[in-house]
Amino acid sequence: MTCKKCGQCCRWSYFGFSIPVELSPLLKLRGAEIVDSHVLRVPLVCSKLDQTTNLCTDYDNRPDVCKEFPEVGGIRPKECKYDV
Ligand code: SF4
Ligand code: SF4
C-alpha cells in the first residue's frame, strides 16, 4: 500500500445531505461538486497542508482520521492514487 503524497485528501471535504438539483449550478460556481444526490464535495484546504510540497506541516500531530485514511473511513477523492 502506497500513498502518492499528492495531498488531494487534504484539499477536499465531503458533506452528506440531500441536495436540491436547482442548487447545482450555484454549487459548481463555488467550486463544489455533487458526487451523488447525497454527497457534496467542497474545496476546503487544511490549514496544515503545505500547498507547495503537498505535505502535512504537522505530520506527527495529525489527527487520527488523517493517520487512518484511507484504510479507515472517509471518502477517497477521485484524484487519490493510493494503492490498495
Ligand atoms: S492535518 Fe495534515 S494530514 Fe490531516 S488533513 Fe491537514 S494537512 Fe492533511
Ligand atoms: S489523496 Fe490518496 S494518494 Fe493522495 S495523499 Fe491522500 S491518500 Fe495519498
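**Exercise 1. Work out in what order the helices and strands of the protein run from the N terminus on.**

Step 1: Get the vocabulary straight. Helices (H or I, at least four residues) and strands (E, at least two) are DSSP runs, numbered from the N terminus.

Step 2: Walk along the chain. From the N terminus on, you meet β-α-β-β-β-β-α.

Step 3: Check the tally, which is two helices and five strands.

Before you go on, a word on the model: it is predicted, so local features need pLDDT of at least 70, side-chain atom pairs count only at pLDDT 80 or more, and totals for chains, interfaces and linings use all residues. As for labels, residues are numbered from 1 along each chain as its sequence is written, while chains are lettered from A and ligands numbered from 1 in the order in which they are written.

**Exercise 2. Describe the protein as a whole: what box do its C-alpha atoms fill, and what share of its residues is buried?**

Step 1: Start with the box. Taken along the principal axes, it comes to roughly 40 × 25 × 20 Å.

Step 2: Now burial. A residue is buried if 20 or more other C-beta atoms lie within 10 Å of its own, exposed if 12 or fewer, and partly exposed in between, with C-beta atoms placed from the backbone. Of the 84 residues in the protein, 5% are buried.

Step 3: Turn to contacts, where two residues count if their C-beta atoms, placed from the backbone, lie within 7 Å. Take the contacts with a separation of 6 or more: 57% of them come from residues 24 or more positions apart.

**Exercise 3. Find the order of the strands in the three-stranded open sheet.**

Step 1: Recall how sheets hold together. Strands of a sheet pair through backbone hydrogen bonds, either parallel or antiparallel. Here, two strands pair if DSSP finds at least two bridges between them.

Step 2: Look at β1 (residues 12-16). Five bridges join β1 to β3, and the two run antiparallel. Along this pair, F15 stands opposite L40 and Y14 opposite R41.

Step 3: Look at β2. Three bridges link β2 with β3, again in the antiparallel sense. In this pair I34 stands opposite L40, and D36 faces V39. A hairpin of two residues joins β2 to β3.

Step 4: Put the pieces together: the order is β1-β3-β2, with antiparallel pairing. The edge strands are β1 and β2, since each pairs on one side only. On average, neighbouring strands of this sheet are turned by 30° against each other, direction ignored.

**Exercise 4. Decide: is H38 buried or exposed?**

Step 1: Place the residue. H38 sits in the loop between β2 (33-36) and β3 (39-43).

Step 2: Count neighbours. H38 has 11 C-beta neighbours inside 10 Å, so it counts as exposed.

Step 3: List its contacts. Leaving aside neighbours within four places in sequence, H38 touches G16, F17 and S18.

Step 4: Try a distance. The C-alpha atoms of H38 and L55 are separated by 30 Å, with the two residues 17 apart along the chain.

**Exercise 5. Say which residues surround ligand 1 and which surround ligand 2.**

Step 1: Set the rule. A residue is near a molecule if its C-beta atom, placed from the backbone, lies within 6 Å of it.

Step 2: Apply this to ligand 1, and you get C10, C46, K48, L49, C56, R62 and C66. That shell divides into five nonpolar, no polar and two charged residues. (Ala, Val, Leu, Ile, Met, Phe, Trp, Tyr, Cys and Pro count as nonpolar, Asp, Glu, Lys and Arg as charged, and the others, Gly among them, as polar.)

Step 3: Ligand 2 has C3, K4, K5, C6, G7, Q8, C9, P70, P77, C80, K81 and Y82 around it. By class, this shell has seven nonpolar, two polar and three charged residues.

**Exercise 6. Hunt for special backbone angles at P70, K5 and N54.**

Step 1: P70 lies in the segment after α2 (64-68). A cis peptide bond joins F69 to P70, with omega about 5°.

Step 2: K5 belongs to the segment before β1. Its phi is positive, about 55°, although K5 is not a glycine. K5 counts as exposed because it has 12 C-beta neighbours inside 10 Å.

Step 3: N54 is in the loop between β4 (49-50) and β5 (55-56). Phi of N54 is positive too, near 65°. With 14 C-beta neighbours inside 10 Å, N54 counts as partly exposed.

Notes. Axes fitted to C-alpha atoms, helices over the stretch in contact; angles between N-to-C directions.
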